[in-house]
Amino acid sequence: SFALVLSAYYLALGTSRSVTSEPFVVRFAVSLGDASRVALRQAAGGAIVVGASLGLILVAVACFFDDPLRGGLLALGITLPGFLLQDFWRYAFFARERGASALVIDLVWASAVVVGFIGLRVVNTTSITWFVLVWGLGAWIAACVGAVQARSFPQPLSALSWWRSQSDLAPRFLAEF
């Protein structure tokens, strides 16, 4: 069950990178002007929209399965926007030559997951649902830290503008993925 959940995660991750992260890196690497700040907020919002959209699909698909796969897909669907936003921040930080900021959010994520997994061990649960929730909540925490570090907050309502402005790159990256 976890292998299927992880596969769904990787498909969502590749999709998000293709339409948000990779176009941002190509067009706005090391750029710090006003247009770059707007693009950062729009692309980050796009990662949230991709996560929410694919997350809703996962929640719907989960209804057709029994546990433990159902629980794992539901947990992933609920937390997917956080996963994809955290990954977007990593790309954006590397594009801006801020590798240390990317490391910070990775360490925050890993720390949150370790603490959460220890908590699950203490309460003696082996449920895939809880493990995926802890993993996803750690990603949300790291995504929030990323937004603070970037001093920029995602604008999901501007995602469509982002995709229109990247219509020459994003489909190619998505097809390649």
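This passage describes the core, a buried arginine, the salt bridges and a surface patch of a predicted model. Residues are numbered from 1 along each chain as its sequence is written, and side-chain values use heavy atoms, with hydrogens and water left out. Because the model is predicted, local features need pLDDT of at least 70 and side-chain atom pairs count only at pLDDT 80 or more, while totals for chains, interfaces and linings use all residues.

We can begin inside the protein. The largest nonpolar core holds 45 residues; such a core is a set of buried Ala, Val, Leu, Ile, Met, Phe, Trp, Tyr and Cys residues joined through side-chain atoms within 4.5 Å, where buried means under 20% relative accessible area, exposed over 50% and partly exposed in between (1.4 Å probe, protein chains only). Phe-24, Leu-76, Phe-88 and Trp-89 have the most contacts inside this core. At least two core residues come from each of helix 1 (2-28), helix 2, helix 3 (69-95), helix 4 (99-122) and helix 5 (128-150), helices being DSSP runs of H or I with at least four residues, numbered from the N terminus. Helix 3 gives the most, with 13 residues.

Beyond its neighbours within four places in sequence, Phe-24 is in contact (heavy atoms within 4.5 Å) with residues including Phe-88, Trp-162 and Arg-96. Arg-96 lies in the loop between helix 3 and helix 4. Arg-96 is buried yet has no salt bridge, and the nearest side chain of opposite charge, Glu-97, is 9.9 Å away.

Turning to charged pairs, the whole structure contains 4 salt bridges, each defined by a side-chain nitrogen of Lys or Arg within 4 Å of a carboxyl oxygen of Asp or Glu. One of them joins Arg-27 to Asp-168, with the closest N and O atoms 2.5 Å apart. This pair links distant parts of the chain, 141 residues apart: Arg-27 is in helix 1, and Asp-168 is in the loop between helix 6 (159-165) and helix 7 (170-176). Asp-34 pairs with Arg-37 at 2.3 Å; these two are separated by about one helical turn, because they are 3 residues apart in helix 2.

Finally, Ile-57, Val-61, Phe-64 and Phe-65 make a nonpolar surface patch of about 410 Å². Patch members have over 30% relative accessible area and no salt bridge, with nonpolar side chains (Val, Leu, Ile, Met, Phe, Trp, Tyr) joined within 5 Å and like charges within 9 Å; areas come from the Shrake-Rupley method with a 1.4 Å probe. Ile-57 is partly exposed at 49%, and Val-61 is partly exposed at 34%.

Note on methods:
Lys and Arg count as positive and Asp and Glu as negative; His and the chain ends are not counted.
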